[in-house]
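Student: Could you take me through one part of this structure in close detail? I would like a connected account rather than a list.

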Amino acid sequence: MGQITAPIIIRDAREEDREQIQKLVVEAYSQYEATMAPERWRLYLESIKESVYKEGPYARIIAEQAGDIVGSLLVFLDSETAYGRDDLSIKDPIIRLLATSPQVRGQGVATRLINETAARARSLGAEYIYLHTSDMMAPAIRLYEHLGFKRAREQEMYNGDVLVKCYRLAVNPAAEQTGHSEFRFSSSQAGGLSSS
């Protein structure tokens with residue numbers, strides 16, 4: 001007989017979840033420490049930790065399993081609130097700091113968090129959801145592309161000498177009419193990676 005796994009619940013984060021979210025995000029992003037110069041990693045880690053307590057996100061969505069937070073992401077309504085970058089001209093929701101626990105990777109947690117974000121974006125009348133990432137997060141990029149995200153080169157930026165790639169996913173039938181496919185996939189598809 002197989003092991004019974006507790007169900008994963010997707011919900012909004014509460015104030016008392018912040019410490020556990022910070023631990024999760026640091027754990028998920030620590031895999032990139034070896035790819036960065038020590039000073040750059042220190043600043044990145046500091047930024048990640050601060051994001052958990054900083055005001056500004058429209059939503060903080062988490063995945064919870066058996067009382068443990070196993071996934072999280074932030075949703076901002078535009079590039080100005082997400083990055084202080086109105087020049088990127090993104091006026092649809094942006095996912096930031098998507099993180100899943102290494103113990104649940106491959107179980108569809110990231111996919112379920114993205115599904116929830118897409119549903120909320122549709123309810124707001126948005127055409128797309130966006131996210132930014134870099135080549136060091138290649139497994140995450142493969143997931144995003146598998147889910148239907150397409151490059152949006154006009155909204156890319158540099159962080160120092162690192163190209164921060166932009167991806168977007170059509171979430172509204174109006175966007176589908178412009179040649180983009182609507183967000184349709186099951187939660188059984190691959191998931192569980194990080195986004196910057």
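**A close look at helix 4**

Tutor: Happy to. Helix 4 covers residues 109–123, and at 1.5 Å a residue its 15 residues should span 21 Å; the C-alpha atoms at its two ends are 21 Å apart, so the expected and modelled lengths agree. Do keep in mind that this is a predicted model.

Now for the side of the helix that is hidden away. The buried residues of helix 4 begin with V109, A110 and T111, go on through L113 and I114, and then take in T117, A118, R120 and A121. What do these buried residues pack against? Their partners are strand 1, strand 2 (59–65), strand 3 (68–76), strand 4 (94–100), strand 5 (128–133) and helix 5 (138–146). Just past the helix comes G125, which has a positive phi, near 85 degrees.

One of those packing partners, strand 1, deserves a visit of its own. Strand 1 runs over residues 8–12 and includes R11. With a relative accessible area of 12%, R11 falls under the 20% cut-off and therefore counts as buried. Its side chain has polar company: R11 makes a polar contact with the side chain of D17 at 2.8 Å, and another polar contact, of 3.0 Å, joins the side chains of R11 and E64. Leaving aside residues up to four places away in sequence, R11 touches D17, R60, I61, I62 and E64.

Strand 5, also packed against by helix 4, spans 128–133. At Y128, the charged end of R168 sits over the ring, 4.3 Å from the ring centre.

Terms used. Residues are numbered from 1 along each chain as its sequence is written. This is a predicted model: local features need pLDDT of at least 70, side-chain atom pairs count only at pLDDT 80 or more; totals for chains, interfaces and linings use all residues. Side-chain values use heavy atoms; hydrogens and water are left out. Helices (H or I, at least four residues) and strands (E, at least two) are DSSP runs, numbered from the N terminus. Buried means under 20% relative accessible area, exposed over 50%, partly exposed in between (1.4 Å probe, protein chains only). A polar contact is a pair of N or O atoms within 3.5 Å; within protein, one must be able to donate a hydrogen and the other to accept it, and residues adjacent in sequence count only if both atoms are side-chain atoms. Contact means heavy atoms within 4.5 Å. A charge sits over a ring if NZ of Lys or CZ of Arg is within 6 Å of the ring centre and within 35 degrees of the ring normal. The expected span of a helix is 1.5 Å times one less than its number of residues.
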